[in-house]
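Open the model in your viewer and keep the selection tool ready. Each stop below says what to select and what is there.

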Amino acid sequence: MDFDLLARVVNTPGLSGHEDAVQEIVAAEMRAVCDEVRRDRLGNLIGRRGPAQHSGTTRPPRVALAAHVDEIGAMVKHIDGDGYIRFQRVGGLYSQTLQSQRVIVHGREPVQGVIAPDFNLREGDKIPSTDDLLIDVGLAKEEAERLIRVGDPITFAQELVKLNDRVVMGRNFDDRIGTYCLLEAMKRANAARVEAFYVSTVQEEVGVRGMPVAAYAIEPDLGLAIDGSLVRAAHVKPHAVTCDMGKGAGIYLMDNLTIGDRRLVGFLCDLCEREGIPYQRNIGGGTDAAAIQQSRNGVIATTIGAPVRYMHSTVQLCHLDDMEATIRLLAAFVEHVPELAGLL
């Protein structure tokens with residue numbers, strides 16, 4: 001486990017539409033391994049590895065592995081007369097997770113702040129909407145306006161923490177765990193018989209906006225999105241999800257946007273059995289797999305990923321063994337893609 005890389009990937013801010021800093025980390029890792037690295041106009045980063053088609057040769061199978069690099073957060077909407085900031089949600093923020101959270105406003109320079117708790121609320125009161133919440137940066141209006149402008153991105157301040165020897169916590173494991181697994185699998189996989197594209201996508205959290213552009217350009221035969229698998233946790237009904245933390249990579253059967261190709265799902269499960277990789281069958285949310293699957297003439301696709309507790313909060317949990325299982329499955333998939341030639 002490269003904990004230093006994991007920390008850099010998790011701790012670097014990257015709100016949807018503002019992914020540049022974390023993409024620089026990803027790009028450096030890709031350049032060390034890939035034959036070609038490029039960035040498209042939306043900001044997706046695409047690393048290509050393995051043999052490409054040349055004139056008069058048969059094209060090798062082309063596979064895309066994609067993890068979105070953007071995280072949820074907010075954007076400055078208004079600074080009032082007392083220097084308090086109102087904000088616009090960017091991605092799926094839940095009001096019940098926000099009060100008393102530390103944030104960073106990425107203005108002319110980073111400005112620390114807190115989402116102010118409302119002590120007027122009483123038990124049984126309705127949870128305030130995000131429109132009613134205020135960020136306190138501890139500055140008067142004039143100083144706040146000198147440093148901060150409407151439209152500046154806001155991210156949460158929580159960084160990577162080891163809860164114990166096997167479980168880590170962070171604010172954006174959806175989907176920085178996927179990004180980390182993508183990079184580690186890229187280094188391990190032998191892509192000698194396939195043309196593999198490793199894609200760090202943007203703006204997934206605001207409507208799967210980056211991957212359609214990347215998938216159209218790559219034109220893959222097969223594709224895997226890498227995202228968090230829903231997992232049993234506190235306040236979650238046991239029958240509502242199908243995965244447990246610490247029991248292996250989640251293989252998506254379907255989600256809110258995609259029905260995983262049943263042949264690919266079966267192949268992934270069989271591959272795990274052959275390679276001794278712990279896995280679980282998952283029914284998840286919505287991922288970049290939808291954009292891969294629906295690109296051009298259609299692509300054989302689904303999603304895999306390590307189970308993550310409390311996604312879309314600042315206290316997301318993930319088990320290191322599940323991350324390792326996900327990396328192993330991704331690398332094995334790239335190496336065994338030629339076995340799927342009959343489907344292409």
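The tour runs from the sheets to the cavities and the pocket, then to two single residues.

**Before you start**

This is a predicted model: local features need pLDDT of at least 70, side-chain atom pairs count only at pLDDT 80 or more, and totals for chains, interfaces and linings use all residues. Residues are numbered from 1 along each chain as its sequence is written, and side-chain values use heavy atoms, with hydrogens and water left out.

**Stop 1: the sheet of 8 strands**

Helices (H or I, at least four residues) and strands (E, at least two) are DSSP runs, numbered from the N terminus. Two strands pair if DSSP finds at least two bridges between them. Select the strands in the order 1-2-12-3-13-16-14-15: these 8 form an open sheet with mixed pairing. Strand 1 (36–39) and strand 15 (279–283) are the edges, each pairing on one side only. On average, neighbouring strands here are turned by 25° against each other, direction ignored. For such angles, axes are lines fitted to C-alpha atoms, for helices over the stretch in contact, and values run from 0 to 180 degrees between N-to-C directions.

Next, add helix 5 (residues 211–218), which packs on the sheet. Helix 5 touches strand 1, strand 2 (45–49), strand 3 and strand 12 (195–201), and its direction makes about 165° with that of strand 12. Contact means heavy atoms within 4.5 Å. Then show helix 6 (residues 262–275), lying across strands 13, 14, 15 and 16. Helix 6 runs at about 45° to strand 16.

**Stop 2: strand 13**

Zoom in on residues 222–226. How many of the 5 residues of strand 13 are buried? The count is 5 of the 5, so strand 13 is largely enclosed by the rest of the structure. Buried means under 20% relative accessible area, exposed over 50%, and partly exposed in between (1.4 Å probe, protein chains only).

Show the side chains. L222, L224 and I226 point one way from strand 13, and G223 and A225 the other way. In a regular strand the side chains alternate between the two faces of the sheet.

Now look at the partners. Strand 3 (residues 62–68) pairs with strand 13 in the parallel sense over 4 bridges, and L65 stands opposite L224. Strand 16 (residues 300–305) also pairs with strand 13 in the parallel sense, over 5 bridges. There, I226 stands opposite I304.

Move on to strand 14 (residues 249–254), which pairs with strand 15 in the parallel sense over 5 bridges. Pick out Y252, opposite N282 in strand 15.

**Stop 3: the sheet of 3 strands**

Select strands 10-11-17, in that order: they form an open sheet with antiparallel pairing. Its edges are strand 10 (161–162) and strand 17 (316–319), each pairing on one side only. Strand 10 and strand 11 (residues 167–170) share 2 bridges in the antiparallel sense. K162 stands opposite V168 in strand 11. Helix 4 (residues 173–188) packs on this sheet, touching strand 11 and strand 17, with its direction at about 30° to that of strand 17.

**Stop 4: cavities and pocket**

On a 1 Å grid over the protein atoms alone, a cavity is a set of points where a 1.4 Å probe fits but cannot get out; a pocket is an open set with protein on both sides within 12 Å along at least five of seven lines; lining residues have an atom within 4 Å of a point. Grid points are joined across faces, edges and corners, and a volume is the space filled by probe spheres set on the points.

The structure holds 3 cavities of 30 Å³ or more. The largest has a volume of about 50 Å³. Its lining includes E71, F156, R171 and H312. The second largest has about 40 Å³; select G73, A74, F87, L93, V103, I115, I135, I154 and F156 to see its lining.

Last, the largest pocket: about 600 Å³ of space. Of its 28 lining residues, Y94, D174, L230, M311 and H312 are the closest to its centre.

**Stop 5: T201 and R296**

Select T201, in strand 12. T201 counts as buried, at 0% relative accessibility. Its contacts, not counting residues up to four places away in sequence, include N44, A66, M211 and D288.

Finish at R296, in the loop between helix 7 (289–293) and strand 16. R296 is partly exposed, with a relative accessible area of 40%. Leaving aside neighbours within four places in sequence, R296 is in contact with Y216 and E219.
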